[in-house]
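This report describes the structure shown below for a reader who meets it for the first time. The text begins with one helix and then turns to the chain as a whole and its surface.

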Amino acid sequence: MFQVIKKMKSTASHKITAAKDAAANLAFRGRNLLSGNAGEGYIDTAIKILLAVVIGALLLAGLYALFGETVLPTLTQRIKEMFNYAG
């Protein structure tokens, strides 16, 4: 009878130790996962910057073309008409 109780105590302490080890391992893996920055590299950042520059240049070129051909000629004509006191 004493051997059975002793074996049960040994098995219970073994299971408690295994559970503690599993919890510590899970905490360690979680900490490493949260502190890792493997997804963000120099190439990703460089590509983002290049895309922003290219899109900005295209946007500025489009606005320059729009103002140069559409808005500015009519603006100068309206200003001339506004200050034309003879006509």
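Helix α2 covers residues 42–82, and because each residue should add 1.5 Å, its 41 residues should span 60 Å. The end C-alpha atoms of α2 lie 56 Å apart in this predicted model, which agrees with that expectation. Helix α2 has a kink of about 40 degrees at V71, shortly before the proline P73.

The protein chain contains 2 helices and 0 strands. Its overall figures are set out in the table.

| Property of the protein chain | Value |
|---|---|
| Residues counted as buried | 0% of 87 residues |
| Exposed area | about 8,500 Å² |
| Share of that area from carbon and sulfur atoms | 70% |

A nonpolar patch on the surface has about 1,200 Å² of accessible area, and its members include L59, L63, F67, V71, L75 and I79. V71 thus belongs to this patch and also marks the kink in α2. I79, another member of the patch, is placed in helix α2. With a relative accessible area of 39%, I79 is partly exposed, because that class lies between the cut-offs of 20% and 50%.

Note on methods. Residues are numbered from 1 along each chain as its sequence is written. This is a predicted model: local features need pLDDT of at least 70, side-chain atom pairs count only at pLDDT 80 or more; totals for chains, interfaces and linings use all residues. Side-chain values use heavy atoms; hydrogens and water are left out. Helices (H or I, at least four residues) and strands (E, at least two) are DSSP runs, numbered from the N terminus. The expected span of a helix is 1.5 Å times one less than its number of residues. The bend at a residue is the angle between axes fitted to the seven residues ending there and the seven starting there. Buried means under 20% relative accessible area, exposed over 50%, partly exposed in between (1.4 Å probe, protein chains only). Accessible areas come from the Shrake-Rupley method with a 1.4 Å probe; for residues, only the protein chains shown count as cover. Patches are made of residues with over 30% relative accessible area and no salt bridge: like charges are joined within 9 Å, nonpolar side chains (Val, Leu, Ile, Met, Phe, Trp, Tyr) within 5 Å. A salt bridge is a side-chain nitrogen of Lys or Arg within 4 Å of a carboxyl oxygen of Asp or Glu.
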